Structure formats: C-alpha cells, structure tokens
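Work through these short exercises with the structure in view. Try each task before you read its solution.

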Amino acid sequence: QVQLVESGGGLVQAGGSLRLSCATSGLTLSTAFMGWFRQAPGKEREFVAAISWMGDLDYATSVKGRFIISRDNAKNTVALQMNSLKPEDTAVYYCAADPARVRAGVNPAYWGQGTRVTVTV
C-alpha cells in the first residue's frame with residue numbers, strides 16, 4: 001500500500017522560506033514520478049512541481065525560480081524548498097506519486113493528506 005506523508009507546513013511571513021517533506025512507503029521511489037500540488041481556499045487544486053525518476057524537473061510558472069523540488073531515494077523522501085514566499089502561496093500542499101507521470105492536468109495515482117502553508121503579509 002502506497003503511503004505519502006507530508007510535513008513541514010506552517011505559518012511564515014511573506015519573503016520567508018519553508019521546506020516541505022514527503023515521506024513515502026509502499027513504492028519504489030527511484031522509479032516513481034513525484035510531485036507537489038496545492039489547493040488554496042476556494043480554488044481548485046493546482047500543479048506546483050514535479051520530478052521524474054530520471055531527475056527531470058517541471059514547475060508551475062507561478063513558482064518557477066522560487067521553489068525547488070528534490071528527491072532522496074535512499075531516504076524515500078521528496079522535498080519542496082519554498083523561498084520568497086508570497087501570500088498567494090497560501091494553500092494546502094499535497095505530495096503526489098504516479099508510476100507514469102506527474103504533471104499539470106493529470107491526476108496522479110497516489111496522494112498524501114496534505115500540509116497547510118499560510119503566508120502572511
């Protein structure tokens with residue numbers, strides 16, 4: 001059974017940084033596509049970032065240059081380093097995994113429960 005458990009969310013002022021982590025189990029991380037999505041209050045869930053098993057990276061335009069996705073196959077974790085945070089980054093962030101792809105417009109097979117990020121002015 002695949003499990004994804006996010007951590008690292010919290011409250012931060014605009015301009016600050018947070019690092020989200022996703023602990024995985026039940027899948028072979030080295031061959032999985034991993035990513036992060038977010039859902040802001042009153043909005044649909046949206047793609048944030050993805051990393052393929054080969055290390056190819058993909059980012060939403062809104063976070064490019066500020067967020068960095070990475071993976072540690074030995075520790076079975078995926079991280080999202082979020083810098084220069086803005087109030088509009090406030091959302092629940094979800095870790096996602098799929099054997100074939102993680103990208104905008106496609107629902108991954110597996111989801112975590114989410115971790116809340118609140119960015120204040």
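**Exercise 1. Burial and surface**

Task: State what percentage of the residues of the protein chain count as buried.

Solution. Note that this is a predicted model. A residue is buried when its relative accessible area is under 20%. Of the 121 residues of the protein chain, 43% count as buried. Now turn to the surface. The accessible surface of the chain is about 6300 Å². Carbon and sulfur atoms hold 48% of that surface.

**Exercise 2. Secondary structure**

Task: How many helices and strands does the protein chain have, and in what pattern?

Solution. Count the helices: zero. Count the strands: 11. Then read along the sequence. The pattern is β-β-β-β-β-β-β-β-β-β-β.

**Exercise 3. Overall dimensions**

Task: Decide whether the radius of gyration agrees or disagrees with that of a compact globule.

Solution. Start from the chain length, 121 residues. A compact globule with that many residues would have a radius of gyration near 14 Å. The protein chain has 13 Å, which agrees. Next, take the box along the principal axes. The C-alpha atoms fill roughly 40 × 25 × 25 Å.

Look at the contacts too. Take those in the chain with a separation of 6 or more. Residues 24 or more positions apart account for 57% of them.

**Exercise 4. The disulfide**

Task: Find which residues the disulfide joins, and work out its handedness.

Solution. The structure holds one disulfide. The bond joins Cys 22 to Cys 95, with an S to S distance of 2.1 Å. Cys 22 lies in strand β3 (residues 18–25) and Cys 95 in strand β9 (residues 91–98), so the pair ties together parts that are 73 residues apart in sequence. Now check the torsion about the S-S bond. The value is about -80°, so the disulfide is left-handed. Last, check burial. Cys 22 is buried, with a relative accessible area of 0%. Cys 95 is buried, also with a value of 0%.

**Exercise 5. Arg 19**

Task: Is Arg 19 buried, partly exposed or exposed?

Solution. Locate Arg 19 in strand β3. Its relative accessible area is 48%. Partly exposed covers the range between 20% and 50%. Arg 19 is therefore partly exposed.

Next, list its contacts, leaving aside neighbours within four places in sequence. Among them are Ser 7, Gly 8 and Ser 70. Ala 79, Leu 80 and Gln 81 are also in contact with Arg 19.

Finally, compare positions. Arg 19 and Tyr 93 are 74 residues apart along the chain. Their C-alpha atoms are separated by 11 Å.

Conventions. Residues numbered from 1 in each chain as written. Predicted model: local features only at pLDDT ≥ 70, side-chain atom pairs only at ≥ 80, totals over all residues. Heavy atoms only, no water. Helix = DSSP H or I, 4+ residues; strand = E, 2+ residues; numbered from the N terminus. Rg over C-alpha atoms; globule rule 2.2 N^0.38 Å. Buried < 20%, exposed > 50% of the residue type's maximum accessible area, 1.4 Å probe, protein only. Contact = heavy atoms within 4.5 Å. Areas by Shrake-Rupley, 256 points an atom, 1.4 Å probe, with all protein chains shown as cover. Disulfide = S-S within 2.5 Å.
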